[in-house]
Amino acid sequence: MKTWAWQRKPYEARVLLVPLGATGARTVEQFGADGLDGVAVLDPARADQRVEAVRDADMVVLVIGDLADVDADVPGVMGSIVREQGKVLAALVIDADGNWNTPRGRRAALEVREAADMVVVSRDLDLASAFVDVLRGGDREQTRTGVA
């Protein structure tokens, strides 16, 4: 009987996080405090750096803590830049209460859904951080605190 030994080559993606709004920025800061590493962060207000930052990434993740806190134009702009470069745009919404039903939140949700290739909603910051860690991939010598 033949035994197959699958050789896995670790792949580590270059993930660019783009925090949207003050709550998105706080979420990304908390990711770092919780031990998430190996990702780059772009200040969305730095329009002059967007194209270059996306060029250096394999995947771009919009990080949203509160939909009502999102400048509704940024997801579309980032979506256009990412598509032009043939990259993947994900949106990660960490939804404590969401503000999905406010006019500003509904508009931002629509813009995010239209711009992103994938939208993930998590009610838990630890799970959201673990999701980004999985997207990044690569070898792991040890697990981060609270993440199996």
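Is Val112 buried or exposed? Select Val112 in this predicted model and color by accessibility: Val112 is buried, at a relative accessible area of 2%. Val112 sits in helix α4, which runs over residues 103-115. Leaving aside neighbours within four places in sequence, the contacts of Val112 are Ile64, Pro75, Ala91 and Val119. For Ala91, 21 residues away along the chain, the C-alpha to C-alpha separation from Val112 is 7.0 Å.

**Stop 2: helix α1**

Select residues 21-33, which form helix α1. Its 13 residues reach 19 Å from the first C-alpha to the last, close to the 18 Å expected at 1.5 Å a residue. Show the side chains of Thr23, Thr27, Val28 and Phe31, and mark Gly24 as well; these five positions in α1 are buried. Looking down the axis of α1, the buried residues fall within an arc of 140 degrees, so they line one face of the helix. On the other side of α1, Glu29 and Ala33 are exposed.

Now add what covers the buried residues of α1: the cover includes strands β1 (15-20), β2 (39-41), β3 (59-64) and β4 (88-94), together with helix α5 (125-136). Just after α1, click on Gly35, which has a positive phi of about 105 degrees.

**Stop 3: helix α5**

Move to α5, a helix of 12 residues that reaches 17 Å between its first and last C-alpha, close to the expected 16 Å. Its buried residues are Ala128, Ser129, Ala130, Val132, Asp133, Leu135 and Arg136. They pack against β1, α1, β2, β3, β4 and β5 (118-122).

Zoom in on the start of α5, where a side-chain oxygen of Asp124 reaches to within 2.9 Å of the backbone nitrogen of Asp126. Asp124 has a further partner: its backbone oxygen is reached at 2.8 Å by the side chain of Ser122. Ser122 lies in strand β5 and is buried, with a relative accessible area of 8%. Beyond four places in sequence, Ser122 is in contact with Val93, Ile94, Asp95, Leu127 and Ala128. Just after α5, Gly137 takes a positive phi of about 70 degrees.

**Stop 4: salt bridges**

How many salt bridges are there? The count comes to 6. Select Asp37 and Arg136, whose side chains meet in a salt bridge at 3.6 Å, N to O. Asp37 lies in the loop between α1 and β2 and Arg136 in helix α5, so the pair ties together parts that are 99 residues apart in sequence. Asp37 is partly exposed at 46% relative accessible area, whereas Arg136 is buried at 7%.

Keep Arg136 selected and add Asp133: these side chains also form a salt bridge, at 3.2 Å, N to O. The two are 3 residues apart in α5, about one helical turn. Asp133 is buried, at 10% relative accessibility. Through shared partners, salt bridges join Glu12, Asp37, Asp133 and Arg136 into one network.

Next, select Asp73 and Arg107, which meet in a salt bridge at 3.6 Å, N to O. Asp73 is in helix α3 (residues 73-84) and Arg107 in α4, so the pair ties together parts 34 residues apart in sequence. Asp73 is partly exposed at 48%, and Arg107 is partly exposed at 46%.

**Stop 5: Arg50**

Finish at Arg50, in helix α2 (residues 50-55). Arg50 is buried yet has no salt bridge, the nearest side chain of opposite charge being Asp71, 6.7 Å away. Not counting residues up to four places away in sequence, Arg50 touches Leu42, Pro44, Val74, Val77, Met78 and Ile81.

How values were computed:
Residues are numbered from 1 along each chain as its sequence is written. This is a predicted model: local features need pLDDT of at least 70, side-chain atom pairs count only at pLDDT 80 or more; totals for chains, interfaces and linings use all residues. Side-chain values use heavy atoms; hydrogens and water are left out. Helices (H or I, at least four residues) and strands (E, at least two) are DSSP runs, numbered from the N terminus. The expected span of a helix is 1.5 Å times one less than its number of residues. Buried means under 20% relative accessible area, exposed over 50%, partly exposed in between (1.4 Å probe, protein chains only). The arc is that of the directions from the helix axis to the C-beta atoms. Contact means heavy atoms within 4.5 Å. A polar contact is a pair of N or O atoms within 3.5 Å; within protein, one must be able to donate a hydrogen and the other to accept it, and residues adjacent in sequence count only if both atoms are side-chain atoms. Lys and Arg count as positive and Asp and Glu as negative; His and the chain ends are not counted. A salt bridge is a side-chain nitrogen of Lys or Arg within 4 Å of a carboxyl oxygen of Asp or Glu.
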